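Please work through the exercises below with the sequence and the model side by side, and try each task before reading its solution.

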Amino acid sequence: TDCVISTMPVKAGILNPFGTVQAGAMLWLADVTATVLALSAVDISPDGRGFPLAININTSLLGNQREGEIKAEARFVRHGKRVTVVRTRITGDQGRLLAEVITTHIPAA
């Protein structure tokens with residue numbers, strides 16, 4: 001798999017006091033989507049060894065919205081044996097870019 005796409009409806013539970021999507025909700029969606037992508041390229045032992053742990057998350061918040069749906073699209077920047085880097089773009093209505101998220105993952109030992 002070279003791309004994973006996730007969506008999340010904009011509802012009351014993810015809104016901040018200003019009525020827009022809370023930054024943590026966007027980051028959560030990006031992290032989960034990136035992890036699903038990273039999981040597609042590894043074998044995990046029954047004890048969890050090999051699970052792609054996120055060790056760094058860098059986020060640029062570029063926009064927001066009050067309703068509709070947000071979408072996360074994760075793609076590999078680098079897939080190595082010890083270090084995997086994923087870029088996830090969060091977009092909103094009409095494909096408007098809301099956030100760019102880069103995550104670095106290493107296998108659990």
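The exercises that follow concern a predicted model, and they go from the sheet to its salt bridges, its loops and its surface.

**Exercise 1. The sheet**

Determine in which order the strands of the sheet are arranged, and which of them are the edge strands.

*Solution.* Begin with the pairings, taken one at a time. Seven bridges join β1 to β3, and these two strands run antiparallel. Eight bridges then join β3 to β4, again in antiparallel fashion, and β4 (residues 84-91) is in turn joined by eight bridges to β5 (residues 97-107), with the two strands running antiparallel. The full arrangement is an open sheet of five strands in the order β1-β3-β4-β5-β2, with antiparallel pairing. The edge strands are accordingly named as β1 (3-9) and β2 (52-61), each of which pairs on one side only. As for the geometry, neighbouring strands of this sheet are turned against each other by 20° on average, if direction is ignored.

**Exercise 2. The helix on the sheet**

Find out which strands helix α1 touches, and what angle its direction makes with that of β3.

*Solution.* Helix α1 comprises residues 23-39 and packs on the sheet, where it touches β1, β2, β3 (69-79), β4 and β5. The direction of helix α1 makes about 45° with that of β3.

**Exercise 3. Following partners across strands**

Starting from Thr7, identify its bridge partner in β3, and then the bridge partner of that residue in β4.

*Solution.* The first step leads from Thr7 to Lys71, its bridge partner in β3. The second step leads from Lys71 to Thr91, its bridge partner in β4. A further pair can be located between β4 and β5, where Thr88 stands opposite Val101 in β5. The general background is that strands of a sheet pair through backbone hydrogen bonds, either parallel or antiparallel.

**Exercise 4. A network of salt bridges**

Establish which residues are linked with Glu100 in a network of salt bridges, and which strands the paired residues belong to.

*Solution.* A search of the whole structure finds four salt bridges; the criterion needed here is a side-chain nitrogen of Lys or Arg within 4 Å of a carboxyl oxygen of Asp or Glu. Consider Arg87 first: it forms a salt bridge with Glu100, with the closest N and O atoms 3.7 Å apart. Since Arg87 lies in strand β4 and Glu100 in strand β5, this pair ties together parts that are 13 residues apart in sequence. Next, the side chains of Glu100 and Arg89 meet in a salt bridge at 2.9 Å, N to O. Because Glu100 lies in strand β5 and Arg89 in strand β4, that pair ties together parts that are 11 residues apart in sequence. Taken together, Arg87, Arg89 and Glu100 are linked in a network of salt bridges. Both arginines are partly exposed, Arg87 at 42% relative accessibility and Arg89 at 37%.

Another of the salt bridges joins Arg75 to Glu73, with the closest N and O atoms 2.9 Å apart. Arg75 counts as partly exposed at 40% relative accessibility, as does Glu73 at 23%.

**Exercise 5. Loop residues**

Decide for Gly92, Gln94 and Arg82 whether each is buried or exposed, and state in which loop each one is found.

*Solution.* Gly92 is found in the loop between β4 and β5, and with a relative accessible area of 10% it is buried, because the limit for that class is under 20%. Not counting residues up to four places away in sequence, Gly92 touches Gln65, Glu69 and Leu98.

Gln94 lies in the loop between β4 and β5, but with a relative accessible area of 80% it is exposed. The backbone of Gln94 deserves a separate check, since a positive phi of about 55° is found there although the residue is not a glycine.

Arg82 lies in the loop between β3 and β4, and it counts as exposed at 54% relative accessibility. Leaving aside neighbours within four places in sequence, Arg82 is in contact with His105, Ile106 and Pro107.

**Exercise 6. A nonpolar surface patch**

Name the residues that make the nonpolar surface patch, and place Leu53 within the fold.

*Solution.* The patch, of about 330 Å², is made by Ile44, Phe51, Leu53 and Ile55. Of these, Leu53 has its place in strand β2, and it is partly exposed, with a relative accessible area of 39%.

Terms used. Residues numbered from 1 in each chain as written. Predicted model: local features only at pLDDT ≥ 70, side-chain atom pairs only at ≥ 80, totals over all residues. Heavy atoms only, no water. Pairing = 2+ DSSP bridges. Helix = DSSP H or I, 4+ residues; strand = E, 2+ residues; numbered from the N terminus. Axes fitted to C-alpha atoms, helices over the stretch in contact; angles between N-to-C directions. Contact = heavy atoms within 4.5 Å. Patch = residues over 30% accessible without salt bridge, like charges linked within 9 Å, V, L, I, M, F, W, Y side chains within 5 Å. Areas by Shrake-Rupley, 256 points an atom, 1.4 Å probe, with all protein chains shown as cover. Buried < 20%, exposed > 50% of the residue type's maximum accessible area, 1.4 Å probe, protein only.
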